[in-house]
Amino acid sequence: MGWQVTARVSCASDVAAVSRPVFRRWRWEQEAFVVLLLNAKHDVIGRPEVSAVGTVTSVTVHPRDVFRAAVRRNAAAVIVAHCHPSGDVAPSADDLLLTRRLREAGELLGIPLLDHVIVGRDALRSLAETGQL
């Protein structure tokens, strides 16, 4: 949990820029999932990898794992991001279901989920910007 950055995220490309180093480390061969912990000004105060070892087509994530670090770090909000090694950034049915579960969990905890960004090597998709959050 020692990673910190002073970057402020205000759009999906900012989220991708902060997340891509994790995805590159896995050589874009498998899905990886990260959480951006944000303070009230939307500065990134942490970037835990929730389930860094996925398969080519999926990564297992549970809401308790996403929000554990957010509660510990007193985050005001979270944004999640994961990669699609195929490069196709269209959300799967599982991606949309996970997003809904995370949004509901965040509402219960008072730590809103601001976005879920799917990142490919050369593309990205913000579920908030496309109305799928």
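In this predicted model, the buried residues of helix α1 pack against four strands, namely β1, β3, β4 and β5, the last of which covers residues 124–126. The buried positions of the helix are A12, V15, A16, V18, S19, R20, V22 and F23. An α-helix has 3.6 residues a turn, so residues three or four places apart point the same way. The length of α1 was also compared with expectation: at 1.5 Å a residue, its 14 residues should span 20 Å, and because the C-alpha atoms at its two ends are 20 Å apart, the two values agree. The helix nevertheless bends by about 40 degrees at S19, and a proline, P21, follows within four residues of that position.

The setting of this helix is a chain with three helices and five strands, which, read along the sequence, come in the pattern α-β-β-α-β-α-β-β. Of the 133 residues of the chain, 47% count as buried. When contacts between residues at least 6 apart in sequence are considered, 66% of them join residues at least 24 apart. With regard to confidence, the mean pLDDT of the chain is 85, and 86% of the residues reach 70 or more. Among the elements of the chain, α1 has the lowest mean pLDDT, at 85, whereas β4 has the highest, at 96.

The packing of the interior was examined next. The largest nonpolar core holds 18 residues, of which V9, V15, F23, L36 and L38 touch the most other members. At least two residues of this core are supplied by each of α1 (12–25), β1 (33–38), β3 (77–83) and β4 (113–119), and the largest share, six residues, comes from α1. A second core, separate from this one, is made of 17 residues and includes F33, F67, A105 and I111. The surroundings of V9 illustrate the largest core in detail: once its neighbours within four places in sequence are left aside, V9 is in contact with D14, V15, V18, L36, L38, H42, V44 and I79.

One of the contacts of V9, the residue H42, lies in the loop between β1 and β2. Most residues other than glycine have a negative phi, and most peptide bonds are trans. H42, by contrast, has a positive phi of about 70 degrees although it is not a glycine. With a relative accessible area of 32%, H42 counts as partly exposed, because this value lies between the limits of 20% and 50%. A positive phi, near 60 degrees, is also found for N74, again a residue other than glycine. N74 is placed in the loop between α2 (63–72) and β3, and its relative accessibility of 66% makes it an exposed residue, because the value is over 50%.

Strand β2, which comprises residues 44–46, contains I45. This residue is buried, because its relative accessible area of 17% is under the limit of 20%. Although I45 and A7 are 38 residues apart along the chain, their C-alpha atoms are separated by 8.6 Å.

The loop between β3 and α3 offers two further positions for comparison. H84 is located in this loop, which precedes α3 (93–109), and at 8% relative accessibility H84 counts as buried. Not counting residues up to four places away in sequence, H84 touches E31, V89, A90, D95, I118, V119 and G120. D88 lies in the loop between β3 and α3 as well, but at 48% relative accessibility D88 counts as partly exposed. The C-alpha atoms of D88 and I118 are 9.0 Å apart in space, while the two residues are 30 apart in sequence; I118 is also among the residues that H84 touches.

Finally, the cysteines were considered. A disulfide is a covalent bond between the sulfur atoms of two cysteines. A search of the whole structure finds zero disulfides. C11 is partly exposed, with a relative accessible area of 30%, whereas C83 is buried, with a relative accessible area of 0%.

Key:
Residues are numbered from 1 along each chain as its sequence is written. This is a predicted model: local features need pLDDT of at least 70, side-chain atom pairs count only at pLDDT 80 or more; totals for chains, interfaces and linings use all residues. Side-chain values use heavy atoms; hydrogens and water are left out. A disulfide is a pair of cysteine sulfur atoms within 2.5 Å. Buried means under 20% relative accessible area, exposed over 50%, partly exposed in between (1.4 Å probe, protein chains only). A nonpolar core is a set of buried Ala, Val, Leu, Ile, Met, Phe, Trp, Tyr and Cys residues joined through side-chain atoms within 4.5 Å. Contact means heavy atoms within 4.5 Å. pLDDT is the predictor's confidence in each residue, from 0 to 100. The expected span of a helix is 1.5 Å times one less than its number of residues. The bend at a residue is the angle between axes fitted to the seven residues ending there and the seven starting there.
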